[in-house]
Amino acid sequence: MGQVDPRKQRTMDALVRAGQEIFSERSADDVTVEEIAERAGVAVGSIYNHFGSKAGLQAAVVEHALDADRHYMDRAYTADRSPVEQIYAAAEQYLDFYLDHPDYFRMLAFPGQPGQYQAGQELSERLVRAVDDQNRRLVEALQKGMDAGELRAADPEEVATILWAAWNGVISLGWRPDSLRRSETELRTLLATATDIVAKGLLAR
């Protein structure tokens, strides 16, 4: 396969960047191709030339987001870590994913409405399946920890959902506009504490 023309690649990259910013802010139904092109600094026709449609561009942006998320999670679920270590590493990598790609994080963790069109609904379903696949890795780590006696018996899917929701809530403090906003250092501490509370519980032993 030959290399993509550099000018074409720059245009595609600019459109993906513009798309990730806009689609993380609003539903695709509320966004026009003219707005995307203007933010990217390219002609409207470039969207159709390179992605076929607005929906095609949105799909490409989501795939970029999923690839990035998968890359960070791969760093957490490594064979050299115990199941419990994998869980703590997943929280740390999830935060790194947010810090490096805040627009992608918001798109995956807090997606907008799919809209009235079939393309948006299909993309929403694709997103759910991909997120479920990543959460399955957390479920597997929890189950292995329980099987090894490192964690007490519980429903691993429920625990994974609680952890994922807690992590999303903690990380969302990073973009609050008020005094409740937390710094990167504070977020790391809060994520570890949240994971501790779920892993160890609050009751004194």
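The lining of the largest cavity in this predicted model divides into 10 nonpolar residues, 2 polar residues and 1 charged residue. The cavity holds about 160 Å³ of space. Of its 13 lining residues, those closest to the centre are Asp-69, Tyr-94, Gln-134, Asn-135 and Trp-164. Five elements each give two or more residues to this lining: helix 4 (54–76), helix 5 (83–100), helix 6 (102–109), helix 7 (118–147) and helix 8 (156–172). Helix 7 gives the most, with 4 residues. A search of the whole structure finds 1 cavity of 30 Å³ or more.

Helix 5 gives two or more residues to the cavity lining. The helix has 18 residues. At 1.5 Å a residue, helix 5 should span 26 Å. Its end C-alpha atoms lie 25 Å apart, which agrees with that expectation. Many positions in helix 5 can be listed as buried. Toward the start of the list stand Pro-83, Gln-86, Ile-87, Ala-89, Ala-90 and Ala-91, all of them buried. Also buried are Gln-93, Tyr-94, Leu-95, Asp-96, Phe-97 and Tyr-98. Tyr-94 is thus a buried residue of helix 5 and one of the lining residues closest to the cavity centre.

Salt bridges were examined next. The whole structure contains 9 of them. One is formed by Asp-74 and Arg-137, with the closest N and O atoms 2.9 Å apart. This pair links distant parts of the chain. Asp-74 belongs to helix 4 and Arg-137 to helix 7, and the two are 63 residues apart. Both partners fall between buried and exposed. Asp-74 is partly exposed, with a relative accessible area of 40%. Arg-137 is also partly exposed, at 22%; the cut-off for buried is under 20%.

A second bridge joins Arg-136 to Glu-157, the closest N and O atoms being 3.3 Å apart. Here too the pair links distant parts of the chain, with Arg-136 in helix 7 and Glu-157 in helix 8, 21 residues apart. Arg-136 is partly exposed, with a relative accessible area of 38%. For Glu-157 the value is 42%, and this residue is likewise partly exposed. Helix 7 therefore holds a partner in each of these two bridges, Arg-137 for helix 4 and Arg-136 for helix 8.

A third bridge lies within one helix. Arg-188 pairs with Glu-184, and their closest N and O atoms are 3.2 Å apart. The two residues are 4 residues apart in helix 9 (residues 184–200), so about one helical turn separates them. An α-helix has 3.6 residues a turn, so residues three or four places apart point the same way. Arg-188 counts as partly exposed, at 31% relative accessibility. Glu-184 is partly exposed as well, with a relative accessible area of 42%. Salt bridges that share partners join Asp-96, Glu-184 and Arg-188 into one network. Asp-96 is among the buried residues of helix 5.

One stretch carries a record annotation. An unreviewed UniProt entry assigns a "DNA-binding region" to residues 32–51. Over these residues the chain is 75% helix and 0% strand. The end C-alpha atoms of the stretch are 14 Å apart.

Notes
Residues are numbered from 1 along each chain as its sequence is written. This is a predicted model: local features need pLDDT of at least 70, side-chain atom pairs count only at pLDDT 80 or more; totals for chains, interfaces and linings use all residues. Side-chain values use heavy atoms; hydrogens and water are left out. On a 1 Å grid over the protein atoms alone, a cavity is a set of points where a 1.4 Å probe fits but cannot get out, and a pocket is an open set with protein on both sides within 12 Å along at least five of seven lines; lining residues have an atom within 4 Å of a point. Grid points are joined across faces, edges and corners, and a volume is the space filled by probe spheres set on the points. Ala, Val, Leu, Ile, Met, Phe, Trp, Tyr, Cys and Pro count as nonpolar, Asp, Glu, Lys and Arg as charged, and the others, Gly among them, as polar. The expected span of a helix is 1.5 Å times one less than its number of residues. Buried means under 20% relative accessible area, exposed over 50%, partly exposed in between (1.4 Å probe, protein chains only). UniProt positions are given in the numbering used here, feature names are shortened, and annotations may be inferred rather than shown by experiment. A salt bridge is a side-chain nitrogen of Lys or Arg within 4 Å of a carboxyl oxygen of Asp or Glu.
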